[in-house]
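Reader: I'd like to learn how to read pockets and overall shape in a model like this one. Could you walk me through it?

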Amino acid sequence: MSRKIVFDDDNPEWTEEDFRTARPASGLPPEILAAFPNTKQRGAQIAPTKVQVTLRLDLDVIERFRRTGKGWQTRINEALKKAV
């Protein structure tokens with residue numbers, strides 16, 4: 001089944017210029033931010049407790065954890081903690 005490309009004149013695809021000039025939502029006026037109450041602002045980590053690494057795992061292991069839904073990477077971390 002092929003998907004048809006949909007063009008929306010009210011919401012066009014971003015150009016390189018759009019990405020270059022984009023600013024974070026935190027710079028918007030408070031009354032505009034209030035219109036989006038589910039938008040969360042994440043602050044800087046005070047004391048990072050995790051380190052980003054590159055790790056090669058078997059495909060079947062990754063697929064099994066991904067099937068468990070959102071948070072699968074955290075569950076891999078928990079499984080590794082139990083193993084050490």
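Reader: Which residues lie nearest the centre of the largest pocket?

Author: Start with the general idea: rolling a probe the size of a water molecule over the atoms shows where empty space is left. Bear in mind that this is a predicted model. Here, V51, V53, Q73, I76 and N77 lie nearest the centre of the largest pocket, out of 13 residues that line it. The space inside comes to about 540 Å³.

Reader: Which helix gives the most to that lining?

Author: That's helix α4, residues 72-83, which puts in six residues.

Reader: And what does the lining of the largest pocket have by class?

Author: Sort the residues by side-chain character and count. You get eight nonpolar, four polar and one charged.

Reader: Let's zoom out. How many helices and strands does the protein chain come to?

Author: Four helices and zero strands, so reading from the N terminus the order is simply α-α-α-α. The chain is more spread out than a compact globule, because its radius of gyration is 20 Å, well over the 12 Å that the globule rule gives for 84 residues. As for extent, the C-alpha trace spans about 50 × 45 × 25 Å along its principal axes.

Reader: What percentage of the residues count as buried?

Author: Buried here means under 20% relative accessible area. On that cut-off, 5% of the 84 residues qualify. The accessible surface of the chain is about 9,100 Å², and carbon and sulfur atoms account for 54% of that.

Notes. Residues numbered from 1 in each chain as written. Predicted model: local features only at pLDDT ≥ 70, side-chain atom pairs only at ≥ 80, totals over all residues. Heavy atoms only, no water. 1 Å grid on protein atoms, 1.4 Å probe; cavity = no way out; pocket = protein on both sides within 12 Å on 5 of 7 lines; lining within 4 Å. Points joined across faces, edges and corners; volume = space filled by probe spheres on them. Helix = DSSP H or I, 4+ residues; strand = E, 2+ residues; numbered from the N terminus. Nonpolar A, V, L, I, M, F, W, Y, C, P; charged D, E, K, R; others polar. Rg over C-alpha atoms; globule rule 2.2 N^0.38 Å. Buried < 20%, exposed > 50% of the residue type's maximum accessible area, 1.4 Å probe, protein only. Areas by Shrake-Rupley, 256 points an atom, 1.4 Å probe, with all protein chains shown as cover.
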